[in-house]
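Please open the model in a viewer and follow the stops below in order. Each stop names a selection to make and then describes what is found there.

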Amino acid sequence: MGDGLEAGTRDRGGDDVSGGRAPQLQGAGARSPFPPIASFAFLSDCHTGALVAPDGAVGWLCPPSFDAPSVFATILDRQAGYFRFAPFDVNAPSARTYEPGTNVLITTWKTPTGWAEVRDALTVVPRATPDTTTPHTRAPDDADAAHCLVRTVRCFAGHVEMELLCEPVFDYGRVDAVWEAADEHSATASGAGSSLRLRSDLRLGIQGGHVRARHTLHAGEQAFCSLSWADDLEGPASAEEASADLDSTVAFWRDWLSDATIPDHPWREALERSALTIKGLTYMPTGATVAALTTSLPETPGGERNWDYRYNWIRDSSFTVQALHYLDLDWEADEFVEFLSGLETNDDGSLQIMYGIDGRRDLTERALDHLTGYRGSRPVRTGNGAFAQRQNDLYGAVLDAILMHSRRSQRVPRSLWPLIRSQAESASVAWREPDQGIWEARGEPQHYVSSKIMCWVALDRAAKLGRIVGDAERATEWRGVADEIAADIIGNGLSDRGVLRQHYGTDALDASALLAAIYGFLEPDDERLRATVLAIADELSEDGFALRYRTDETDDGLSGREGTFLICSFWLVSALTIIGEGKRARALMEKLLRIVSPLGLLAEEFDTETGQHLGNFPQAFSHLALIEAARRIIMIERLIEFV
């Protein structure tokens, strides 16, 4: 469906998600529909990312980094910046796909008069000089971001009338662009202290806050446009240079993926796309991984459950390291662990639950009241107030990641030992205290069972790490605390029917209890684990997909319902596999793979009533959990085949 509007005919209203280009407005009642979240394509240069709607319009881009203010944000407000390069008056492409093994998008268009193919990418090219736009604190790769969006088109049959319409609105849609033309083929947009340079071999015309071009291509002809935000605003100046940069970007992604070991299995495509998505959500200068590309895509359309996910959540760490090592991407795992080791701790030695991609600690939450939000979902937020919460699960995530990495690398780096000690000592104290829990509830703190389990993980892993480095005294001490935590959970965290509770004092279910299986808190043949997993599968699900919890049973400080959580559904696959329910696990896995987006991407949630993806997109945690679930099933299948 159309993501864009003709310049000068924009409308703030509308919650329709049907197909078709936004109509020519006929007064105040006309609407501009928002595309379904899962219809967007994801581009990345490992510094920032873009979302491209099916009609060829860029709906989200924040240069030069993931967490910078947007210049195109029609996914949050139909007036917040727009950039389309596609056939005129045609909005439904014939096909969209990624070039295999890449995050380079190919869109094929059939018009009434011909056929054309558009290639889109945030380009990554060989770099001989240091990056001054987003400087690295880690060793840079041989190839790096060009800080440029490159778009080419080739007409391969008949003739096609192409349209270019570029209308950036800086600072999350607050500051209109001021354009200055260099010549007919180059113009610079400025606003809010930033600049963008648009180049094209089409003749550009400035009309107020936007630039427009139209040109008819005949069979065999090609054209390009590029938008640069590099310090020097340099970018390709011809179709040949643009194609060369796209080819370099294809080579970058394929070279990276060639280092991964992807099982020869029917799920290979899903694993490859998940790996490419996680890499695309990784901030190359520091090694941090953002939870998702976007902010404020709603968990409930029209509701208030809208959060900024463009930061690094520490709890993702163990799943990130595990996925990277499973795919034999050891260099990537090492970069991420190095990022963890360099983070500034709180006064008590603990880590925050999340950090900025540059390691900054202050992520103060603010509302952008001038934006309508996706389908009227307000407030739109930047920052995330949960950064200051107490969430006791993070100690276990960090130490599990370090233990996995240490076993893989066969060493515990000296630089990590202070972090290991501080997290173990913090967990030894914090486990007795209530917290906000893994889901960052904004209600009263509780003694969440999953938080206790992860504190047990922290001390269990710390004890093992202590033995590896030869510190027997601390290893024994930490093992004793782990045993104490386990006894407390068994004594207070089980309902009368032997099922792990959401928190002490309630019998409500919570999908985070599945972590008891994934992290090995209970043995696979333990009846209490089996009862917990089956209770979640049978009682905390909609159409087979798992919920986090029942919102009417949980004080999370918010109103409204939410969809099923994809990470919880993949956790359920893993847990079912662990307790020996392999047939049921595989059936759920196949069901989950059928609801990935047309381009193989996953959001945070899935609404079983509407079939729509909900929440920020694409979501790293969903793809990490997919890899984890697939890994377990494939290992069991191959073990059975071997036997």
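Begin by selecting G376, which is partly exposed, with a relative accessible area of 38%. The structure in view is a predicted model. G376 sits in the loop that runs between strand 20 (366-367) and strand 21 (381-382). Add L76 to the selection: its C-alpha atom is separated from that of G376 by 8.6 Å, although the two residues are 300 residues apart along the chain.

**The loop around G376**

Keep the loop between strand 20 and strand 21 in view and select R375, which belongs to it. R375 has a phi near 50°, a positive value in a residue other than glycine. Is R375 buried or partly exposed? With a relative accessible area of 25%, R375 is partly exposed.

Next, select R378 and P379. The peptide bond that joins R378 to P379 is cis, with omega near 5°. P379 also lies in the loop between strand 20 and strand 21.

**Another cis bond**

Move along the chain to F617 and P618. Here too the peptide bond is cis, and its omega is near -15°. The loop that holds P618 connects strand 26 (612-614) with helix 14 (620-642).

**D89 and the loop before strand 5**

Select D89, in the loop between strand 4 (82-87) and strand 5. D89 is not a glycine, yet its phi is positive, at about 65°. Because its relative accessibility is 53%, D89 counts as exposed.

**The largest pocket**

Strand 5 leads to the next stop. Select strand 5 (95-98) together with helix 3, the elements that give two or more residues to the lining of the largest pocket. How much space lies in this pocket? The largest pocket holds about 390 Å³.

Its lining consists of 19 residues, and those nearest the centre are E269, A270, R273, L599 and G600. Helix 3 supplies the largest share of this lining, six residues. Sorted by class, the lining of the largest pocket comprises eleven nonpolar, four polar and four charged residues.

**The second largest cavity**

Rolling a probe the size of a water molecule over the atoms shows where empty space is left. The structure contains nine cavities of 30 Å³ or more. The second largest cavity has a volume of about 190 Å³.

To find this cavity, select K279, T282, G287, E332 and E335, which lie nearest its centre among the 18 residues that line it. Then show helix 3 (268-280), helix 4 (317-326) and helix 5 (330-341), each of which supplies at least two residues of the lining. Which helix gives the largest share of the lining of the second largest cavity? That share, four residues, comes from helix 5. By class, nine residues of this lining are nonpolar, four are polar and five are charged.

**Helix 4**

Hide the other elements and keep helix 4. This helix is mostly covered, with ten of its ten residues buried. The buried residues of helix 4 include F319, V321, L324 and Y326, and also S317, Q322 and H325. Just after helix 4, select D328, which takes a positive phi of about 65°.

**Helix 9**

For the last stop, select helix 9 (residues 472-492). Helix 9 has 21 residues and reaches 30 Å from its first C-alpha to its last, close to the 30 Å expected at 1.5 Å a residue. Colour A475, W478, V481, A482, I485, A486 and I489, which are buried in helix 9. Why do these residues lie on the same side of helix 9? They do so because they cover an arc of only 145° around the axis.

Add helix 7 (417-430) and helix 8 (449-469) to the display, as both are among what covers the buried residues of helix 9. Then turn the view to the face of helix 9 that points away from its buried side. The exposed residues carried there are A472, E473, T476, A487 and G491.

Notes: Residues numbered from 1 in each chain as written. Predicted model: local features only at pLDDT ≥ 70, side-chain atom pairs only at ≥ 80, totals over all residues. Heavy atoms only, no water. Expected span 1.5 Å × (residues − 1). Buried < 20%, exposed > 50% of the residue type's maximum accessible area, 1.4 Å probe, protein only. Arc of directions from axis to C-beta. Contact = heavy atoms within 4.5 Å. 1 Å grid on protein atoms, 1.4 Å probe; cavity = no way out; pocket = protein on both sides within 12 Å on 5 of 7 lines; lining within 4 Å. Points joined across faces, edges and corners; volume = space filled by probe spheres on them. Nonpolar A, V, L, I, M, F, W, Y, C, P; charged D, E, K, R; others polar.
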